[in-house]
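Colleague: I'm new to this one, so could you walk me through it and tell me how you back up each label you use?

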Amino acid sequence: MNGDLMLKVQAWVDGELPGEEARQVEALVSGNKEAAALVSELRLTRGFLQGNETALKVPDSPEFYWSKIRREIERLDASGQSVPAPSSALWAALRRFMVPASGLALVMIVAALSFKYFSPATFEDQMVEVENLSEEMSSISYRSQADNMFVVYLYAKEQTKAEDESQFDPLDDLLFQ
Amino acid sequence: MASHQEQPGPTDDVLVRRSQKGSMEAFEVLVGRHRDKIYARAFSMMRNEDEAVDLSQEAWVKGWQRLKQFQGDSSFVTWMTRIVINLCLDQLRKQKRQRAESIEQLEEDLGGVERQMPTVTVNPTEGLERSELRRRIDDALGKLSYEHRTVLILHEFEDLEYKEIAKRMECSIGTVMSRLFYARRKMATLMAGYKREELS
């Protein structure tokens, strides 16, 4: 038996094969001693493992074990590091998208208007100030009258550590299942 | 779930609802009721007492923080077990990045070793007292690499399907299958070895 076939036999033992493939493996096992021996061993191993995990007890006293958990919970509560509910997490994600999008729209409107209604004659006149009121976005702009060009580069300000942690929390997919 | 039926006092569901409303006393009862199971799962994956205690405590803190998101789709203890498993997997990944691969590990990853192992035909656990059987299983589990042990634990003890294990371990289903195959064959071989030692 090759390696792929061995894995297929195992998948059959575990009930992970779809109907037709399962029937093929079943036929193989019934007529192949090597495959039948493998099935027997895999079932034997499953059999002695299931329900025979060692029962362990926490080595610390219940009071000591709980006291550390309680202290940590109280410390986090005091520092305000609570996890947002799903609805506020959704709002935060929406906000992360909407803020740069609205910022970009605003800058483009200002740029378009300045080109249409403002025709600078001197260098000072070309110094157009675009105020960015966003707390989360910053921008760098470049304007060239000679090339008839106005470029705005938008970027997100550094996120706080807490935001980063919540964004990449490995428990997220578990908790929204 | 058997555990909370055996316990006197309110059920897990009642305690969870109270905890969700902010009752730390109710949560303490839940911790007291299930702490051994959560610790045991952490220990089975980490094989280190101190790490298992720390990670299980961290899991309880996470559980408290996320309690409002617990919808009751699974039992509370299953939900908590998933949290501690994720924390352990995270920790093991960090550790793996820090240590060099052993030669045995490389051989296992390349594949082929498990196919050369002779098939175990005689039940190596026959006639064993349950406590001795558990001791041998625990000993054999300790001889597996963390990838093989974890796959085996998630499949045999947590009853997770291949695709769910693949998702949690961030690998392909094919990798899960080959790791599970190796782990089972190695376990059978180790258990047969203990039996031979006993008879000799």
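Modeller: Sure. One definition to begin with: a crossing is left-handed if the near helix is turned anticlockwise from the far one by less than a right angle, and right-handed if clockwise. Also, keep in mind that this is a predicted model.

Colleague: Which hand does the crossing of α4(A) and α3(B) have?

Modeller: The crossing of α4(A) and α3(B) is right-handed.

Colleague: And why is α4(A) called oblique to α3(B)?

Modeller: Look at the angle: the axes of α4(A), residues 62-78, and α3(B) cross at roughly 130°. Roughly perpendicular covers 65 to 115 degrees, roughly antiparallel starts over 145, and angles under 35 are roughly parallel, the rest being oblique. The angle therefore makes α4(A) oblique to α3(B). The two axes come within 11 Å.

Colleague: Which residues of α4(A) and α3(B) make the contact?

Modeller: From α4(A) there are A:Pro62, A:Tyr65, A:Trp66, A:Ile69 and A:Arg70. The α3(B) side brings B:Met24, B:Glu28, B:Val31, B:Gly32 and B:Arg35. By class, that contact has six nonpolar, one polar and three charged residues.

Colleague: What makes B:Gly32 of α3(B) part of that contact a polar residue?

Modeller: The classes list the nonpolar and charged types by name and count the others, Gly among them, as polar. B:Gly32 is one of the α3(B) residues in the contact, so by that rule it goes with the polar class.

Colleague: Stepping back, how many residues does each chain put into the contact?

Modeller: Chain B supplies 48 residues and chain A supplies 42. On the chain B side, the elements giving two or more residues are α3 (24-46), α4 (49-66), α5 (76-98), α8 (130-142), α9 (146-157) and α11 (173-199). Of these, α3(B) gives the most, with 10 residues. The chain B side divides into 21 nonpolar, 12 polar and 15 charged residues.

Colleague: What does the secondary structure of each chain come to?

Modeller: Chain A has eight helices and two strands, running α-α-α-α-α-α-β-β-α-α from the N terminus. Chain B has 11 helices and zero strands.

Colleague: How much of each chain counts as buried, and what makes a residue buried?

Modeller: A residue is buried if 20 or more other C-beta atoms lie within 10 Å of its own. In chain A, buried residues make up 12% of the 177 residues. In chain B, 40% of the 200 residues count as buried.

Note on methods. Residues numbered from 1 in each chain as written. Chains lettered and ligands numbered in written order. Predicted model: local features only at pLDDT ≥ 70, side-chain atom pairs only at ≥ 80, totals over all residues. Helix = DSSP H or I, 4+ residues; strand = E, 2+ residues; numbered from the N terminus. Contact = placed C-beta atoms within 7 Å. Axes fitted to C-alpha atoms, helices over the stretch in contact; angles between N-to-C directions.
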